[in-house]
Amino acid sequence: MPNIQYRKLTTNQQVWITAALFFITCLALQWWRMESLTASMDQGILYQVLWNGLRGHPFESTLSSQLSTNVVHSGEFPAIGYHRLGQHFTPVLALWIPLVGLLGKWGLPFLQVTLITTAGIILYEIGKERLTKDLAAMITFAFFGANAVIGPCLGNFTDLSQLPICIFALILGIEKRVKWMTIVFGILIPLIREDAGILLIAVGIWLIVKQRKLWTLGILFILYGGLWAITVTNILMPIFSDDNSKRFMVENFGQYIMGKDQASSIDVIKLGIQQPLIILKELIYPLGKTLRYLGGQGLPLVMIPFISIDSWLLMGLPLLGLLLAQGNPLAINWRYTYLVVPGLFAGSIYWWENHTNLFKIRYLRRVWTGCIILSLLFTITSNPNRTLSWMMPQSINPWIYTSPIKQYKHGQIALEALKFIPKNGTVSASSSLVPHLAGREVIIRFPDNTRYQDRQGNVNATDWIIIDLDHHQKYAHAFKNEWLDLQEILSLMRDLEDKYNPVFVKDGILILSLNDNFDSSLNASYESLVRNAFNIKAP
C-alpha cells in the first residue's frame, strides 16, 4: 500500500477554518431564524431605517416611532417622518444602505455575521503582533467559542455588532503604526452609537496608562469620545426628539434622577455622583446575576481578563455603565455584551505577552480548551434568542416543543400569506412577521397600534393586519407575559371585527383587510381559531 502522509494544518489555516465554520454556522442559523419566524421587531426597525434611506428618507421609521415618548407617554400614534436618531444616534448605519438595497431583508443578518467573523480574524492579527501564533490562535478560538460573542450574533441585528471589528481594527492600527486605520476607526467608533464614545475613552485611558509613548493620542481619544457623547446626547439628539431625555435616560438611570420625568446625560452624571449609596447598590445588586454574567464573559479565556490590568482598562468603563443601569442589563445573549467583549479579549493579549511561559504548560492548555468547550455547551443550552428552539424545548413544565419541520412549515405558510399584502400597503403585524414586511413606508407592531399619522398629521388605519396567533398561543401556556399579550390581541381583534375582514386563515396565521368584503368560507376556521385561543388558561 502507498505510504500516505497527512500534512498538519498550519496555525493560520486552523484560524481561518475556525472562522469559516463560525461564519457558515451562524449564517445558517440566521437563515433559520428568518424562515422559522424567530427574528422580531428590533431587526425590522433597523431594516426599515435603512430601507427608507434608499428612498431618500434615511433613519425614518414608523416602527421606531412606536417606541417614542410621543407614543408611549403622550398617547400619540406612530408617525411617518419620525427619525430614529432621537432614540439612538447611529450615523454609521448609513454605510449599509446599499447592502440592504442589494440583499433586502437578508442584508442585516449577513452583515452581523460578517462583522463578528471579521472581528475575530482581526483579533488574531493583533495577537500575532505580541504573541506566538499558537497563543494568538488560542485567544481567537476562545473568541469564536464565547457565549458573549455567539449569543448576540444569533439574535436580531444590532448596531453594537459594529463595535468589536472597529475596536480591534483601531488597536491593530495602533500596533502596526498604520495612521489611516488609527484615524478612520478612531473617528468611526463614537459614530456607531451615542454611548460608543465610552469605549474610545477607555482606549484613551489604556494608552495613557499602558502605552505611555502614545499618551497624546490617548488624550485626543478621551476628549473626542467624551465631548462627542455629551454633544450628541445633549444637543444633536434633542433636535430629532425628546426620547433620550424623557424615555431612555429615565428608564435606564431613573434611580438617580429623584423622580424627575426627564433628564439629560449631564443631569444623570451630576445626580449620580451625589448618591454614592445607590451607585454602590447598583454595582453589587443582584450579586448572583452579576457574577454569572462575569463568569460567562471570562470562561472562554480561563478568567484571565479579571486579573489583567489591560482588560480592566479597556472594558471597565462600558462594564461600569451596564452595572449602573437600572435593572442591570447583564444577559450574556443580549446585544450589550458587545460593549464589553472588545476590551475583554484585546486586554487578555497584553496579559499573555508577559506570561507566555504559562502557555507551555500542557495541563493549562487542556484546561483552556475545556473552558472553550464548556462555553460552547453553555451557549447551546441557553438557546440564545430562541434560535435553537428546533433542538430543545422552550418549556419543560408545561412541555413546549415544536419540531423543526413544523416550525419550517409554519414559517413557509406565513411567508406565502405575505404575498396577499401589496408592497406599498400599510401594515400592522405581529412582531415575528415584522422583519419580513419592514421594507415599506408604514409598518407598525400589532397589537400596539393599528393606526398611524401620515406626513400631514392625519390619522389613518392601516390597510392590513397580519397576526401570528400560533406564536402567541404556543407560548401562552407557559409564559405569563405571552398569555397577557394573547389576551390583548384577542380583545383588539373583537373590537376590530366591524372594520376588518379576514382574507387568510391558516395554521394560526390571520390576515385582516380594511377594505375587502368578508369571505364567508373563512368564517368557521376564523371563529374556531379565536375560540381556541380564548380557552387558553393563564399559566
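**Figure 1. Glu129 and Lys176 join their side chains in a salt bridge.** The closest nitrogen and oxygen atoms of the two side chains are 3.0 Å apart. This is a predicted model, so please read every close-up here with that in mind. Glu129 belongs to helix α6 and Lys176 to helix α9 (residues 163–176), so the pair links distant parts of the chain, 47 residues apart. Glu129 is partly exposed, at 35% relative accessibility. Lys176 is partly exposed too, with a relative accessible area of 40%.

**Figure 2. The whole chain, for orientation, has 24 helices and seven strands.** Its radius of gyration is 25 Å, close to the 24 Å that the globule rule gives for 539 residues, so the chain is as compact as a globular protein of that length. Measuring along the principal axes, the C-alpha trace spans about 75 × 75 × 45 Å. Buried residues make up 54% of the 539. Contacts often reach far along the sequence: among those between residues at least 6 apart, 70% join residues at least 24 apart.

**Figure 3. Glu60 and Arg455 meet in a salt bridge, with N and O 2.9 Å apart.** Glu60 sits in the loop between α2 and α3, while Arg455 sits in the loop between β3 (451–453) and β4 (459–461), so this pair ties together parts that are 395 residues apart in sequence. Is Glu60 buried or exposed? Glu60 is buried, with a relative accessible area of 6%. Its partner Arg455 is partly exposed, at 38%. Both residues also belong to a network of salt bridges that includes Arg55 and Glu441. The salt bridges in the model come to 19.

**Figure 4. Lys419 and Glu416 form another salt bridge.** Here the closest N and O atoms are 3.2 Å apart. Lys419 counts as exposed, at 62% relative accessibility. Glu416 is partly exposed, with a relative accessible area of 45%.

**Figure 5. Arg33 is a buried charged residue without a salt bridge.** You can find Arg33 in helix α1 (residues 11–35). Which side chain of opposite charge is nearest to Arg33? That is Asp42, 8.8 Å away, whereas a salt bridge needs the atoms to be within 4 Å. Leaving aside residues up to four places away in sequence, Arg33 touches Thr38, Ala39, Ser40, Leu154, Gly155, Asn156, Asn385 and Thr387.

**Figure 6. Helix α2 is largely enclosed by the rest of the structure.** This helix covers residues 41–54, and its 14 residues reach 20 Å from the first C-alpha to the last, close to the 20 Å expected. Why call α2 largely enclosed? Because 11 of its 14 residues are buried. Among them are Met41, Ile45, Leu46, Tyr47, Val49 and Leu50, along with Gln43, Gln48 and Asn52. The buried residues pack against several neighbours: helices α1, α3 (62–65), α5 (97–103), α6 (107–130) and α21 (434–437), and strand β2 (443–445). After the helix comes Gly56, whose phi is positive, near 90°.

**Figure 7. Phe143 is one of the best-connected members of the largest nonpolar core.** In soluble globular proteins, nonpolar side chains tend to be buried together. This core has 116 residues, and Phe143, Phe345, Trp368 and Ile466 touch the most other members. Setting aside residues up to four places away in sequence, Phe143 touches Ile116, Ala119, Gly120, Leu123, Val149, Phe168, Val341 and Phe345. Another core lies apart from the largest one; it has 21 residues, including Ile465, Leu469, Val505 and Leu512.

**Figure 8. Val203 is a buried residue of the model.** Its relative accessibility is 1%, and its place is in helix α11 (residues 197–210). Which residues does Val203 touch, not counting those up to four places away in sequence? They are Ile167, Leu170, Phe221 and Leu314. Leu287 offers a longer distance to look for: its C-alpha atom is separated from that of Val203 by 28 Å, and the two residues are 84 apart along the chain.

Conventions: Residues are numbered from 1 along each chain as its sequence is written. This is a predicted model: local features need pLDDT of at least 70, side-chain atom pairs count only at pLDDT 80 or more; totals for chains, interfaces and linings use all residues. Side-chain values use heavy atoms; hydrogens and water are left out. Helices (H or I, at least four residues) and strands (E, at least two) are DSSP runs, numbered from the N terminus. Buried means under 20% relative accessible area, exposed over 50%, partly exposed in between (1.4 Å probe, protein chains only). Lys and Arg count as positive and Asp and Glu as negative; His and the chain ends are not counted. Contact means heavy atoms within 4.5 Å. The expected span of a helix is 1.5 Å times one less than its number of residues. A nonpolar core is a set of buried Ala, Val, Leu, Ile, Met, Phe, Trp, Tyr and Cys residues joined through side-chain atoms within 4.5 Å. The radius of gyration is taken over C-alpha atoms; the globule rule is 2.2 Å times the number of residues to the power 0.38.
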